[in-house]
Each structure stands twice: as C-alpha cells, then as structure tokens.
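Visitor: I have a model to look at. Please walk me through how its parts are arranged.

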Amino acid sequence: MAVQLTDSNFKDTVLDSGKVAIIDFWAEWCGPCKMIGPIIEEMSKEYEAKGVVVGKVDVDSNPETAMKYGIRNIPTILFIKNGQVVDKQVGAVPKANLVAMLNKHLS
C-alpha cells in the first residue's frame with residue numbers, strides 16, 4: 001500500500017530515505033486523481049521489493065509540502081532521487097508511462 005505522506009513525515013520518509021520515490025499529489029475531490037490512485041497502489045506493491053518509496057500526499061491536508069514543490073495542478077506525480085526531483089508528470093496518464101519514467105531512475 002502506498003505510504004500516506006504528510007507535511008511532518010515527508011522529509012524523513014522521502015528526502016532522507018536514500019531511496020527513489022514516486023509521490024502522488026492528489027485530493028479527494030479530484031476526478032483524474034481517482035483514475036491515478038489505483039495505479040499508484042499497484043506500483044507500490046510491484047516496487048516495494050525494489051526499495052522504492054511509493055507515497056501519496058493529500059494536498060488539502062498537507063499544503064506545506066504541496067507549496068514547497070509548486071504543485072498547482074493535480075494529480076501531479078513527482079519522481080525523487082537522492083532528495084531531488086528528477087522527473088514530473090502532471091495529469092492522469094496510463095500506468096506504462098509512470099513505470100517507464102520510474103524505471104529510468106532506478107538504474
């Protein structure tokens with residue numbers, strides 16, 4: 001299951017983890033977010049063994065983290081490696097697109 005990230009645990013769980021992370025910025029009222037949600041959950045199961053942090057940030061409950069990363073549209077998926085954003089996807093896309101983007105950063 002994807003990690004529920006908050007303003008208070010984001011730094012420890014993602015930035016200081018030393019792992020590659022894929023983070024879904026979403027909101028309950030967002031239609032396209034509901035399309036991406038199940039994909040993120042599938043990826044969390046598939047990539048857990050590879051040491052990837054797969055998480056979700058509810059932008060309504062965690063405005064500091066969303067603001068820090070300039071999230072203006074949701075869903076926005078950030079790919080973070082070594083504490084830095086290395087890739088970004090705004091809007092709903094097929095799972096294959098997200099997998100391809102993530103795999104680029106795992107090597």
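Guide: One term to begin with: two strands pair if DSSP finds at least two bridges between them. Bear in mind that this is a predicted model.

Visitor: What is the order of the strands in the open sheet?
Guide: The sheet is open and has 5 strands. Their pairing is mixed. The order is 1-3-2-4-5.

Visitor: Which strands are the edge strands?
Guide: An edge strand pairs on one side only. Two strands fit that: strand 1 (3–5) and strand 5 (84–90).

Visitor: Do strand 1 and strand 3 run parallel or antiparallel, and which residue is the bridge partner of Gln-4?
Guide: Strand 1 and strand 3 are joined by 3 bridges and run parallel. For Gln-4, the bridge partner in strand 3 is Lys-56.

Visitor: What angle does helix 2 make with strand 3?
Guide: Helix 2 (residues 31–47) packs on the sheet. It touches strand 2, strand 3 and strand 4. Its direction against that of strand 3 is about 155°.

Visitor: At what angle does helix 4 run to strand 5?
Guide: Helix 4 covers residues 95–104. It lies across strand 2, strand 4 and strand 5. Its angle to strand 5 is about 170°.

Visitor: Which strand gives the most to the largest nonpolar core?
Guide: That core has 19 residues, with Phe-10, Ile-23 and Ile-80 among those with the most contacts inside it. Helix 1 (10–15), strand 2 (21–26), strand 3 (53–58) and strand 4 (76–81) each supply at least two residues. With 4 residues, the top contributor is strand 2.

Visitor: How many residues are in the second, separate core?
Guide: Its members include Ile-22, Ile-77, Val-93 and Met-101. The total is 17 residues.

Conventions:
Residues numbered from 1 in each chain as written. Predicted model: local features only at pLDDT ≥ 70, side-chain atom pairs only at ≥ 80, totals over all residues. Heavy atoms only, no water. Core = buried A, V, L, I, M, F, W, Y, C linked by side-chain atoms within 4.5 Å. Buried < 20%, exposed > 50% of the residue type's maximum accessible area, 1.4 Å probe, protein only. Contact = heavy atoms within 4.5 Å. Axes fitted to C-alpha atoms, helices over the stretch in contact; angles between N-to-C directions.
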